Amino acid sequence: MSLSGRVALVTGASQGIGRACALRLAKEGAAVAVAARNQEKLNELVSEITAAGGKAAAFPLDVSDEEQIKSAVKAAIAQFGKIDILVNNAGITRDQLVMRMKRADWDAVLQTNLTSAYLSIQQVIGSMLKQRWGRIINITSVFGQMGQAGQANYAASKAGLIGLTMAIAREVGSRNITCNAIAPGFIETAMTAVLSDEFKQNALKQIPLGRVGTPEDVASAVGFLASDEASYITGHVLNVNGGMLMG
Ligand code: NAI
């Protein structure tokens with residue numbers, strides 16, 4: 001197991017991609033602090049990981065609240081002693097054409113998807129700097145790379161995560177801390193379940209591999225970037241999109 005002795009914190013771990021990432025990191029031997037708002041779902045995930053012989057604990061938090069991020073990270077460090085791997089995965093959509101987009105929906109998406117990543121990095125970076133080892137993985141999106149009508153807030157937040165990733169990679173590289181982003185394309189989760197069949201069919205036509213992705217497809221990339229095998233990769237945006245966007 002490549003991550004034995006490591007401690008990971010995954011935000012938005014209650015379902016979808018975050019849940020798959022937590023399971024994957026635990027399978028690789030990391031102790032996993034799982035964070036999201038739904039305590040019940042987090043408890044189920046912790047039970048699943050521990051039943052399989054792994055280590056995990058739940059830290060309920062709303063990532064749009066700075067104080068909750070601070071206290072959850074503090075509690076996770078108190079329990080596990082450190083954080084080696086941070087996966088900033090929690091995210092929401094509030095789609096609307098820009099003409100009709102409410103300021104509240106702009107703010108909510110930026111706060112949840114982008115500001116939370118900056119705040120979480122700020123809380124874990126001390127632990128990583130101290131031990132001169134760290135992995136920060138930000139889950140962005142193909143729409144942060146190419147834009148999407150009706151998603152000005154979401155695309156801006158995800159493009160912002162790419163800038164954040166590169167800035168942090170430059171800032172902490174000398175301390176053996178890498179910071180990368182993963183840009184999923186169309187992944188089958190609750191977030192995409194609400195899309196119309198027409199949208200899904202059109203999206204499929206844009207995917208050379210001819211299928212939608214699974215949360216596990218993204219989790220595999222997270223497992224790799226968290227490992228020692230990826231120690232010379234930083235500031236990178238790794239596409240997990242079936243070829244939907246290349247280059
Ligand atoms: P999901 O809706 O199934 O999961 C989102 C997770 O974030 C949930 O665990 C939810 O509880 C958590 N979350 C949302 N707001 C939160 C808050 N304020 N505080 C704490 N936790 C919060 O969606 P999915 O697809 O698993 O999304 C995970 C990430 O992947 C998101 O950042 C999303 O933008 C990104 N992504 C998803 C794609 C897809 O096709 N499903 C494509 C590209 C990126």
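Tyrosine 154 is found in helix α6, and this briefing starts from there. The model is predicted, so please read every value below as computed from that model. Tyr154 also appears among the residues nearest the centre of the largest pocket, and a UniProt record lists Tyr154 within a "binding site" feature from an unreviewed entry.

**Tyrosine 154 and its helix**

- Is tyrosine 154 buried or exposed? Its relative accessible area is 8%, and because buried means under 20%, tyrosine 154 counts as buried.
- Leaving aside neighbours within four places in sequence, tyrosine 154 is in contact with Ile92, Thr93, Val109, Asn113, Ser141 and Met191.
- Helix α6 has 21 residues and reaches 30 Å from its first C-alpha to its last, close to the 30 Å expected at 1.5 Å a residue.
- Tyr154 has company inside: the buried residues of α6 also include Asn153, Ala155, Ser157, Lys158 and Leu161.
- Further along, Ile162, Leu164, Thr165, Ile168, Ala169 and Val172 are buried residues of α6 too.
- What covers these buried residues? The cover includes the helices α4, α5 and α7 and the strands β5 (134-139), β6 (177-184) and β7 (237-240).

**The largest pocket**

- The largest pocket has a volume of about 1200 Å³.
- Its lining is made of 49 residues, and those nearest the centre are Gly91, Ile92, Thr93, Tyr154 and Met191.
- Which elements give two or more residues to this lining? They are α1 (16-27), α4, α5 (142-146), α6, α7 (190-193) and α8 (197-205).
- By residue type, the pocket lining divides into 23 nonpolar, 21 polar and five charged residues.
- Three of the names here will sound familiar: Ile92, Thr93 and Met191 lie nearest the pocket centre, and they are also contacts of tyrosine 154.

**The cavity**

- How many cavities of 30 Å³ or more does a search of the whole structure find? The search finds one.
- The largest cavity holds about 40 Å³ of space.
- Its lining consists of Thr11, Asn88, Asn89, Ala90, Asn113, Ser116, Ala117, Ile139, Lys158 and Leu161.
- The elements α4 (103-131) and α6 (152-172) each give two or more residues to that lining, and α4 supplies the largest share, with three residues.
- The cavity lining divides into four nonpolar, five polar and one charged residue.

**The recorded binding site**

- UniProt, in an unreviewed entry, places the feature "binding site" at Asn89, Tyr154, Ala155, Ala156, Ser157, Lys158 and Ile187.
- From this set, the lining of the largest cavity takes in Asn89 and Lys158.
- Where does asparagine 89 lie? Asparagine 89 is in the loop between β4 (85-88) and α4.
- At 10% relative accessibility, asparagine 89 is buried, because that value is under 20%.
- Not counting residues up to four places away in sequence, asparagine 89 touches Thr11, Gly12, Ile17, Gly18 and Ile139.
- Of these, Thr11 and Ile139 are named in the lining of the largest cavity, where Asn89 appears as well.

**A residue for contrast**

- Glutamate 44 has its place in helix α2 (residues 39-51).
- With a relative accessible area of 48%, glutamate 44 is partly exposed.
- Glutamate 44 and methionine 146 are 102 residues apart along the chain, and 36 Å separates their C-alpha atoms.

Conventions: Residues are numbered from 1 along each chain as its sequence is written. This is a predicted model: local features need pLDDT of at least 70, side-chain atom pairs count only at pLDDT 80 or more; totals for chains, interfaces and linings use all residues. Side-chain values use heavy atoms; hydrogens and water are left out. On a 1 Å grid over the protein atoms alone, a cavity is a set of points where a 1.4 Å probe fits but cannot get out, and a pocket is an open set with protein on both sides within 12 Å along at least five of seven lines; lining residues have an atom within 4 Å of a point. Grid points are joined across faces, edges and corners, and a volume is the space filled by probe spheres set on the points. Helices (H or I, at least four residues) and strands (E, at least two) are DSSP runs, numbered from the N terminus. Ala, Val, Leu, Ile, Met, Phe, Trp, Tyr, Cys and Pro count as nonpolar, Asp, Glu, Lys and Arg as charged, and the others, Gly among them, as polar. UniProt positions are given in the numbering used here, feature names are shortened, and annotations may be inferred rather than shown by experiment. Buried means under 20% relative accessible area, exposed over 50%, partly exposed in between (1.4 Å probe, protein chains only). Contact means heavy atoms within 4.5 Å. The expected span of a helix is 1.5 Å times one less than its number of residues.
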